[in-house]
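Please open the model in a viewer and keep the selection tool at hand. The tour proceeds stop by stop, naming what to select and what is found there.

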Amino acid sequence: MFHSTPRRRTLAALTTSAALVAALAACSSPAAVSGGGEAAAAPGITDDTVTIGTHTPLTGPAAAGYSSISAATKAYFDYVNDQGGINGRTIEYLVKDDGYNPATTQTVVRELVQEDEVFAILNGLGTPTHTAVLDFLNQNEVPDLFVASGSTSWNQPETYPWTFGFNADYVVEGAALAQYAEDQAPDATVCLLGQDDDFGDEFIEGAELVLGEGGLAHIERYSVSNQDVTAQIGAMQAAGCEINLLATINGFTALAVGTAAKLGWFPQWYSSSSGGDYPTLVGYLGEDLGPKLLQGFTSSNYLPFSPSGEWVALFQQINDEYNDGAPFTGNTVYGMSVGYLFAEALARAGEHPTRQGIVDAITSGDLVGNGIVPLAFSADSHAAYLGVGITTVDQGVQDFVGATYVLDGDTVEAVEPEDVPVENAGVPTGD
C-alpha cells in the first residue's frame with residue numbers, strides 16, 4: 001500500500017490554498033521566478049526546444065492496452081510544434097519502452113535524466129513501474145508530471161514535491177461508480193472484481209465510502225500474471241451479483257465480460273476508466289460479439305471524449321494528420337489531453353522556463369486543462385481530478401450520461417460537468 005499519508009480532499013481547503021498561491025503568484029509569477037539568467041542552466045531547455053521524456057510499455061503484457069497513449073501525446077506535440085511551439089520552443093518527446101517491468105523502468109528513466117538530460121518526465125505509465133523511480137526523480141528535483149496511474153501515491157506533496165498525478169484516482173472512481181450504482185438500483189446486489197494490488201485496494205476503499213464497510217456483497221481479486229478468471233467469475237455468479245464493479249485493466253475487463261458470457265451470465269458491468277475504453281474492449285472481444293456483450297456497459301471518465309464535442313473533433317483531426325490515422329480511442333483522447341496540459345503548464349512557466357518554474361505554474365491553481373471537472377492542483381494537492389463523469393455504451397457509442405460526481409473528503413457529491421472550450425486551435429498561450 002502506498003497511500004498511508006492523509007488524503008487531502010476537502011474542496012474548500014483546495015480552493016483556499018489555490019487562492020493563496022495565486023495571490024503570491026501575482027507578486028512573483030513563474031516567469032519572474034524563472035529569470036533569463038537561469039534559462040541556460042535548465043536541463044532540456046535550449047533557445048528553441050524543450051526536451052522531455054517518458055517510460056511506457058511499448059512491448060510486454062500492458063502494451064496492447066496502453067502503447068497508443070505516448071503516440072497520441074507525441075502527435076499532439078507535433079501539431080503544436082507546427083503552430084510555432086510554446087513561447088517559441090518546440091517540444092521534443094523521448095519515449096522509452098520499459099515493457100511494464102519496474103527494473104527496466106529504472107534503467108530507462110536514469111538514461112532520460114542522466115544521458116538525455118530531459119527537462120521533465122511526463123506521464124510515466126503504471127503504478128509498480130513508476131513507483132520504482134519516484135524517489136530517484138524527486139531526489140534529483142526532476143519535474144515528474146501527470147503520472148499515468150490512478151494511485152494516490154502521486155498526491156504526496158510534502159514527501160514528493162516534484163510529482164503530480166493526472167488520472168482521477170482509484171478511490172474517486174470506486175466511490176463515483178458505487179454512488180451511481182446506488183442511485184440507479186438501490187436494492188441491487190453490488191460486487192467487485194479487483195486487481196490484487198493498490199488498484200484494487202483503493203477502488204474497494206472508494207466503493208466502501210459509499211456502500212459502507214461490508215456493503216459489497218462479494219469481492220474477488222485477480223493477478224495480471226494469470227489470465228484465467230473463470231473461478232472468480234463463477235464465484236460472483238454463485239453469489240448472486242447483479243452489478244459488478246471492475247477495478248480492471250482493459251484486457252481483464254474483456255476477460256471478465258467474455259468469461260461471464262461463456263457461463264451464460266449477463267450482469268451489469270461498472271468499470272474504472274483504466275479498463276473501460278469501448279474501442280479497446282471491442283478489439284479484445286471481437287467486432288461481432290463485442291458490441292452485443294458491451295451494450296449498457298458503464299464506466300467513468302474525466303476527459304472530454306464525447307463524440308460530438310469539439311475536443312474530440314480537434315483530436316481526431318490531429319490523429320489523422322500527425323498519428324498516421326491510428327485507431328481513435330479513449331487512449332487517443334487521454335494522450336492528447338496529457339500533451340495539452342503539459343503545453344499549458346509550459347506556457348504558464350514563462351519565456352524562460354526552469355524546473356521550479358513549471359512546478360510553480362502547476363501549483364498556482366491557474367491551469368484549466370480540458371477535463372469535465374476542475375483541476376485540483378494547488379500547493380497542498382498534487383492530484384489532478386477529484387471527480388468523474390459516468391459513461392455508458394448504447395448501440396456501439398460510448399458517451400456521458402450526465403451524472404458527474406466529485407469526492408469531497410469522504411463524501412460523494414453530484415455536480416454539473418464542465419465544458420472547457422477549445423481556444424487558439426488547442427494551443428495554449430499562457431495568457
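Two strands are taken to pair if DSSP finds at least two bridges between them. With that in mind, and noting that this is a predicted model, begin by selecting T54, which stands opposite V95 in strand 2.

**Stop 1: strand 1 and its partner**

Extend the selection to strand 1, residues 49-56, and to strand 2, residues 90-97. The two strands pair in the parallel sense, over 8 bridges. Now colour strand 1 by accessibility: 8 of its 8 residues are buried. Which residues lie on each face of strand 1? On one side are T49, T51, G53 and H55, and on the other V50, I52, T54 and T56; both faces are covered.

**Stop 2: S67**

From T56, move to S67, 11 residues away along the chain; the C-alpha atoms of the two are separated by 7.0 Å. S67 sits in the loop between helix 4 (63-66) and helix 5 (68-82). Is S67 buried or partly exposed? S67 counts as partly exposed, because its relative accessibility is 26%, and the partly exposed class lies between 20% and 50%. Display its side chain, which reaches the backbone oxygen of A63 at 2.9 Å. Beyond its neighbours within four places in sequence, S67 is in contact with P57, L58 and A62.

**Stop 3: T127**

Select T127 next, in helix 7, which spans residues 127-139. T127 has a relative accessible area of 11% and is therefore buried, the cut-off being under 20%. What does the side chain of T127 contact? It makes a polar contact with the side chain of S149, at 2.6 Å. Leaving out residues up to four places away in sequence, T127 touches Y100, S149, S151, W154 and Y170.

**Stop 4: the nonpolar cores**

In soluble globular proteins, nonpolar side chains tend to be buried together. Here the largest nonpolar core has 111 residues, and those with the most contacts inside it are I52, Y76, F146, L245 and F342. Helix 15, residues 330-348, gives the most to this core, contributing 11 residues. Centre the view on F146: not counting residues up to four places away in sequence, F146 touches L122, N123, F164, G165, F166, L341, F342, I362 and F377. Another core, of 10 residues, lies apart from the largest one; among its members are V118, I121, V133 and L137.

**Stop 5: A376**

Now select A376, in the loop between helix 16 (355-363) and strand 11 (387-394). A376 is buried, because its relative accessible area is 9%. For a distance across the model, add L314: the C-alpha atoms of A376 and L314 are separated by 25 Å, and the two residues are 62 residues apart along the chain.

**Stop 6: the open sheet**

Turn to the sheet of 8 strands, which is open and runs in the order 7-6-8-9-10-11-12-13 with mixed pairing. Its edge strands are strand 7 (218-222) and strand 13 (411-415), each of which pairs on one side only. Neighbouring strands of the sheet are turned by 25° against each other on average, direction ignored. At one edge, strand 12 (residues 397-408) and strand 13 run antiparallel and are joined by 5 bridges. Select L407 there to see V412 of strand 13 opposite.

Add the two helices that pack on this sheet. Helix 10, residues 230-238, touches strand 6 (190-195), strand 7, strand 8 (243-247) and strand 9 (268-271), and its direction makes about 175° with that of strand 7. Helix 11, residues 250-262, also touches strands 6, 7, 8 and 9; its direction makes about 175° with that of strand 9.

**Stop 7: the disulfide**

A search of the whole structure finds 1 disulfide. Select C191 and C241, whose sulfur atoms are 2.1 Å apart. The link is left-handed, with -90° about the S-S bond. Where in the chain do C191 and C241 lie? C191 is in strand 6 and C241 in the loop between helix 10 and strand 8, so placed that the pair links distant parts of the chain, 50 residues apart. Both cysteines, C191 and C241, are buried.

Key. Residues are numbered from 1 along each chain as its sequence is written. This is a predicted model: local features need pLDDT of at least 70, side-chain atom pairs count only at pLDDT 80 or more; totals for chains, interfaces and linings use all residues. Side-chain values use heavy atoms; hydrogens and water are left out. Helices (H or I, at least four residues) and strands (E, at least two) are DSSP runs, numbered from the N terminus. Axes are lines fitted to C-alpha atoms, for helices over the stretch in contact, and angles run from 0 to 180 degrees between N-to-C directions. Contact means heavy atoms within 4.5 Å. A disulfide is a pair of cysteine sulfur atoms within 2.5 Å. Buried means under 20% relative accessible area, exposed over 50%, partly exposed in between (1.4 Å probe, protein chains only). A polar contact is a pair of N or O atoms within 3.5 Å; within protein, one must be able to donate a hydrogen and the other to accept it, and residues adjacent in sequence count only if both atoms are side-chain atoms. A nonpolar core is a set of buried Ala, Val, Leu, Ile, Met, Phe, Trp, Tyr and Cys residues joined through side-chain atoms within 4.5 Å.
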